[in-house]
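Me: Please take a close look at one short helix in this model. Then place it among the buried, exposed and charged parts of the rest of the chain.

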Amino acid sequence: MDLGYWLQAAAEVAERWGERFGPFAEHPSHQVDDADFAAAFERFAKRLEHNYPFFHPRYAGQMVKPPHPAAIVGYLTAMRFNPNNHAYEGGPATSDMERECVAQLAGMFGLPRHVGHLTSSGTIANLEALYVARQSHPGRGVAYSAQAHYTHSRMCHVLGVTGHAVPADREGRMDVDALQELLRTGRVGTVVVTAGTTGTGAVDPVHEVLAVAREYGVRVHVDAAYGGFFALLGRDGAQAAALGLDSAPWRAIAGCDSVTVDPHKHGLQPYGCGAVLFADPAIGRHFAHDSPYTYFTDAELHLGEISLECSRAGASAAALWLTLQLLPLTAAGLGTVLAGSRRAALAWAGMIDDSPQLTLHQRPQLDIVTYFPAVGGPCGPLSMAAVDAASEHVLRSGMAAEDDPVYLSLLRVDAGDFTRRHAGALADADGARVLRSVLIKPEAEDYLPLLHARVADLAADAGRA
């Protein structure tokens, strides 16, 4: 795909469409001298060099990567129109695209009925889900795993709802027995399960939590902001078996009350593009409001009438719609991208198992690999303080190397979690940072031998230091 060609074509779409409305005098602020713009653009381009190579597999740190070329073209084409999907009159074409995309996302999770919309982020999507939780069970709290995203506790505070952190097991998944004990108190109205924690990629046992929650008349919300697109593989028995995924949690999502997912992660979209889906279309009543100057052009509910957000970029819907025309939400479509990332994570975990320089922290459940330099030895137990120092050494040395840089991230693990995973470790600190790599780019699969060798060399240096 020739991106330059299609970006030029994108610029022409709005121009051709606009010709039908006749000429008009353009405001002087739009009449920019090319020489002036060239100077400003040069300064702008120079500023962007202060960045990390998110596009390259040697960047194996956070969950960021460039969007798909189709998403870039779709976004920029629609941005010339600058539609606002709050109401149908703000963006008729992109509102239709958004509804189609949301229906496809709901189908990916097997939701038989749904209402939902795109959001600016997973945080806003989760806020809306917890808002509905509060409205559905007034006076009752929200339970979430101690390993869940920090925004759940923050959103509970914003909403004036009591949040309950449920302990996690040694694999980073919600402890169902601890949850059941909490639900017996009657203080909880909604349980949040995470399908792919942002720290380690752990997948809560959605199927087990759902059964327990229904026993107590409690709603279940699935935070699949990061891992949600793995449903393309997890709900397919053959694919799941081949990639070491447990199908049960992914299939159980269809029976839950709400789901959030971020197309701006594995969905190959530019930031920000999240989504929230509700299994019961009647929840729209919780968003009921009146606006004296919108909602006149369509008999159906406008997207703004089922959302806490008002203005939302129609270009986000356009970008996702165009991408899904090329990579549909199937195992053989977009699923091939996630399969490459999953294979890379499994392969690297195997390499780390065989490495004298590195130790695996937790076996990957999706495509996040956590590990640390092998600083223990026959002379004494594994020291958490030493792990912390060595992990930071690898991180900073890798980023500082001009000739052969590598970009990783750190995950802070508290002492209890660390010693549960590594029996006999010396808890000489209240926690330790371990190395974390999000292999969100499928190109990591082919690049893995080089990446592993480089990280192992840095870990050996850290051990000597």
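Reply: A helix here is a DSSP run of H or I with at least four residues, and helices are numbered from the N terminus. The model is predicted. Helix H9 covers residues 231-234, and Gly-234 is found in this helix. Gly-234 counts as buried because its relative accessibility is 0%, and buried means under 20%. Leaving out residues up to four places away in sequence, Gly-234 touches Ala-240, Leu-245, Ser-247 and Trp-250. Glu-171 is 63 residues from Gly-234 in sequence, and the two C-alpha atoms are 18 Å apart in space.

Next comes the nonpolar interior. In soluble globular proteins, nonpolar side chains tend to be buried together. The largest nonpolar core has 58 residues, and the members that touch the most others are Leu-105, Phe-109, Val-191, Phe-229 and Leu-334. Helix H4 (residues 92-109) supplies the largest share of this core, 6 residues. A second, separate core has 26 residues, among them Val-406, Leu-451, Ala-456 and Ala-462. Returning to Phe-229, its contacts beyond four places in sequence include Leu-105, Met-108, Val-261, Pro-263, Leu-329, Leu-334 and Leu-338. The list for Phe-229 also holds Asp-262, His-266 and Gly-267.

Strand S1 (residues 115-119) is mostly covered, with 5 of its 5 residues buried. S1 runs antiparallel to strand S7 (residues 274-278), and 5 bridges join the two. One of these pairings is between Val-115 and Phe-278 of S7.

The loop between strand S6 (258-261) and S7 contains Gly-272. The peptide bond leading from Tyr-271 into Gly-272 is cis, with omega near -10 degrees. Leu-268 is found in the loop between S6 and S7 as well. Leu-268 is not a glycine, yet its phi is positive, near 70 degrees. Leu-268 counts as buried because its relative accessibility is 8%, with the limit for buried at under 20%. Asn-82, another residue that is not a glycine, has a positive phi of about 55 degrees. Asn-82 lies in the loop between helix H3 (69-79) and H4. At 60% relative accessibility, Asn-82 counts as exposed.

Some nonpolar side chains are on the surface. Val-32, Phe-37, Phe-41, Phe-44 and Leu-48 make up a nonpolar patch there, and their accessible area together is about 510 Å². Phe-41 belongs to helix H2 (residues 34-48). With a relative accessible area of 44%, Phe-41 is partly exposed.

The charged pairs come last. Side chains of opposite charge can pair when their charged atoms come close. The structure holds 17 salt bridges. One of them joins Glu-49 to Lys-46, with the closest N and O atoms 3.3 Å apart. Glu-49 is exposed at a relative accessible area of 55%, and Lys-46 is exposed at 55% relative accessibility.

In another salt bridge, the closest N and O atoms of Arg-433 and Glu-392 are 3.0 Å apart. This pair links distant parts of the chain, since Arg-433 is in strand S11 (residues 431-438) and Glu-392 in helix H14 (residues 384-400), 41 residues apart. Arg-433 counts as partly exposed at 24% relative accessibility, and Glu-392 is partly exposed at 23%. Both residues belong to a network of salt bridges that also takes in Asp-388 and Arg-396.

Asp-404 forms a salt bridge with Arg-454, where the closest N and O atoms are 3.3 Å apart. Asp-404 sits in the loop between H14 and strand S10 (409-414), and Arg-454 in helix H16 (residues 444-464), 50 residues away along the chain. Asp-404 is partly exposed at a relative accessible area of 32%, whereas Arg-454 is buried at 17%.

Arg-420, in helix H15 (residues 415-421), is partly exposed with a relative accessible area of 41%. Its C-alpha atom is 5.9 Å from that of Arg-170, although the two are 250 residues apart along the chain. Beyond four places in sequence, Arg-420 touches Ala-168 and Arg-170.

Key. Residues are numbered from 1 along each chain as its sequence is written. This is a predicted model: local features need pLDDT of at least 70, side-chain atom pairs count only at pLDDT 80 or more; totals for chains, interfaces and linings use all residues. Side-chain values use heavy atoms; hydrogens and water are left out. Patches are made of residues with over 30% relative accessible area and no salt bridge: like charges are joined within 9 Å, nonpolar side chains (Val, Leu, Ile, Met, Phe, Trp, Tyr) within 5 Å. Accessible areas come from the Shrake-Rupley method with a 1.4 Å probe; for residues, only the protein chains shown count as cover. A salt bridge is a side-chain nitrogen of Lys or Arg within 4 Å of a carboxyl oxygen of Asp or Glu. Buried means under 20% relative accessible area, exposed over 50%, partly exposed in between (1.4 Å probe, protein chains only). A nonpolar core is a set of buried Ala, Val, Leu, Ile, Met, Phe, Trp, Tyr and Cys residues joined through side-chain atoms within 4.5 Å. Contact means heavy atoms within 4.5 Å. Two strands pair if DSSP finds at least two bridges between them.
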